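Hello,

Here is the structure we talked about. Please open it alongside this note, and then read on for what turned up.

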Amino acid sequence: MRSITQWPALRRLSLTVVSAMALAADRSRRSSATGWLRIAGLIVVLLAPAAAEARGGQQWFSAWTVSHGMRQTIPALSGSSVRMIVRPTISGNTVRVKLENTLGQAPVVFSAAYIGVTDTGAAVVPGSNTQLTFDGGAGLNLAPGEGAYSDPVKFHVAAFEKLSLSLDVVSASDISAHALGLATNYFAPGAHAADSAPDGFVPVPENADNFPFYWVAAVDVRSPSTTGTVVAFGDSITDGRCSTRDDNGVVQPDLYQRWTDVLAQRIAALPESQSKAIANEGIAGNRILSGGNGPPGLVRLDRDVLDRAGATHVILFEGTNDITGGFTAAQVIAGAQEIIDRVHAQGLSIIGVTVIPRGRPAPLTGWTTSMEQHRVAVNDWMRNQANVDDLIDFAALMQGPVVQLADGGFAESIRPEWNCDNTHPNPAGYQAMGEFIDLAMFENIGTWGNGH
């Protein structure tokens, strides 16, 4: 059962007044002294939890996540170790890790798993490498489509300090992965998960500006000073395409410059009573509806969003790939509405995001007059009709000049100083997006996510 954690004063006062009036009416036949005494007690009960439960205690929070959107068969990893570098967004004292074989078509068998503090490259700080277990055992077998959490282990997690998750892989004929990643991860022949030394580890192969994660899906932390998890649910603009591309067009890993990274740093600077974890559930090329990269948003919503530990807020930032995929505004709106309804049904707050401009001047192709009309219609609905709890108007922030398209029509483009490739912002644009978000919108929910 969910419990109250944080309510703004006005909402608490409204709830108190309504509840008090109802109680007074229901007990009007009782003595006024007794009735008002009970009302006073109710006010205390209603107002106290907001302060008393502003800290997480034993609650789990998803402190770092990725969504699985790709199946790989290269490199061959049977009889190898992988070392994935994760970066939690909150501090805590206990940790657990979720591994997934979401897109694998064959079982994967792990013989050991360890988590430690990352030193340099693939090295782990000596003395920090800590074994993880699964239902008390060192190993784990995952059938296709399955996922599993490790057992909780006492482990000091510092916000934004890199951790190394090391897995000894006994057998795997394919890999369930997150493609874009933007972090340098490692693998080595043999069983080296327990080793702190980097000997034998080499970087996971980069593929078309992607730096993938293998099998790991979430790092959850027990944190006494966290009030929820904000889940960013999106496509490549949430995943971070172009966020680390330098002036020479080269994608650099390990820079953490997505808009969600900027948001996480801003939230971390707030008082402890307002702190929240950020879970990035973006998949480059993803859609709400069918097609695109990875499972569609409507398919992956439960696993990648609603199941995230401690979830209180969801940021919905999808739709642009649906439009380029041929879906109409009405279809995109219907899919987004289903997501909104399912999020609300879980007692969570959902924040809508407008679709940013994608106009590109002729003779460049890839965006049409019809697509622009559908984008404008989706944004009009999101701004004026969608029953979201708050709005992030990234479309207005990123709006640049109107350009003539290859088909003769016109469309808004991304502001030139923030434009990477006419679809994604550049690093400065991502910085502006992360700074644009009003942090007050994360104070308007009073429910915990159940997690697992």
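Where does Pro-363 lie? Pro-363 is in the loop between strand 19 and helix 8 (369–384). Keep in mind throughout that this is a predicted model.

**Cis peptides and an unusual phi**

Pro-363 is joined to Ala-362 by a cis peptide bond, with omega at about 15°. Another cis peptide bond links Ile-74 and Pro-75. There omega is about 5°. Pro-75 has its place in the loop between strand 2 and strand 3 (80–86).

Look at Leu-182 as well. Its phi is near 60°, a positive value in a residue other than glycine. Leu-182 sits in the loop between strand 11 and strand 12 (186–189).

**The five-stranded sheet**

Strand 19 belongs to an open sheet of five strands. The order is 17-16-18-19-20, and the pairing is parallel. Strand 17 (277–282) and strand 20 (390–392) stand at the edges. Each has a single partner strand, so one side of each is left without a neighbour in the sheet. From one strand to the next, the twist averages 20°.

Now zoom in on strands 18 and 19. Strand 18 covers residues 311–317, and strand 19 covers residues 349–353. They run parallel and are joined by four bridges. To find the register, start from Ile-315: its bridge partner in strand 19 is Ile-351.

A helix packs here too. Helix 7 (residues 329–345) lies across strand 16 (229–234), strand 18 and strand 19. Helix 7 runs at about 160° to strand 19.

**The three-stranded sheet**

Another open sheet has three strands, in the order 2-11-14. Here the pairing is antiparallel. Strand 2 (70–72) and strand 14 (213–214) stand at the edges. Each of these has a single partner strand, so one side of each lacks a neighbour in the sheet.

Strand 2 pairs with strand 11 (residues 175–178) over three bridges, in the antiparallel sense. Arg-71 has Ser-176 in strand 11 as its bridge partner.

**The hairpin**

Strand 21 (residues 399–404) and strand 22 run antiparallel and are joined by four bridges. One bridge pairs Val-402 with Glu-412 in strand 22. The two strands form a hairpin, with five residues between them. Gly-408 is in the turn and has a positive phi of about 95°.

**The disulfide**

How many disulfides does the structure hold? It holds one. Cys-242 is joined to Cys-420, with an S to S distance of 2.0 Å. The link of Cys-242 and Cys-420 is left-handed, with -60° about the S-S bond.

Why does this link tie together parts that are apart in sequence? Cys-242 lies in the loop between helix 3 (236–239) and helix 4 (259–268). Cys-420 lies in the loop between strand 22 (410–414) and helix 10 (427–436). The pair therefore ties together parts that are 178 residues apart in sequence.

**Cavities**

Rolling a probe the size of a water molecule over the atoms shows where empty space is left. A search of the whole structure finds three cavities of 30 Å³ or more. The largest cavity holds about 240 Å³ of space.

Its lining has 18 residues. Trp-64, Thr-65, Arg-258, Asp-261 and Asn-280 lie nearest the centre of the largest cavity. Strand 1 (60–65), helix 4 and strand 17 are the elements that give two or more residues to this lining. The largest share, three residues, comes from strand 1. By class, the lining of the largest cavity divides into eight nonpolar, six polar and four charged residues.

**The largest pocket**

How much space lies in the largest pocket? About 160 Å³. Its lining includes Thr-89, Ile-90, Ser-91 and Ala-159. Ser-223, Ser-225 and Thr-226 are also among the lining residues. So are Ala-268, Leu-270, Glu-272, Ser-275 and Lys-276. Four residues of the pocket lining are nonpolar, six are polar and two are charged.

Best wishes

Technical notes:
Residues are numbered from 1 along each chain as its sequence is written. This is a predicted model: local features need pLDDT of at least 70, side-chain atom pairs count only at pLDDT 80 or more; totals for chains, interfaces and linings use all residues. Side-chain values use heavy atoms; hydrogens and water are left out. On a 1 Å grid over the protein atoms alone, a cavity is a set of points where a 1.4 Å probe fits but cannot get out, and a pocket is an open set with protein on both sides within 12 Å along at least five of seven lines; lining residues have an atom within 4 Å of a point. Grid points are joined across faces, edges and corners, and a volume is the space filled by probe spheres set on the points. Ala, Val, Leu, Ile, Met, Phe, Trp, Tyr, Cys and Pro count as nonpolar, Asp, Glu, Lys and Arg as charged, and the others, Gly among them, as polar. Two strands pair if DSSP finds at least two bridges between them. Axes are lines fitted to C-alpha atoms, for helices over the stretch in contact, and angles run from 0 to 180 degrees between N-to-C directions. Contact means heavy atoms within 4.5 Å. A disulfide is a pair of cysteine sulfur atoms within 2.5 Å.
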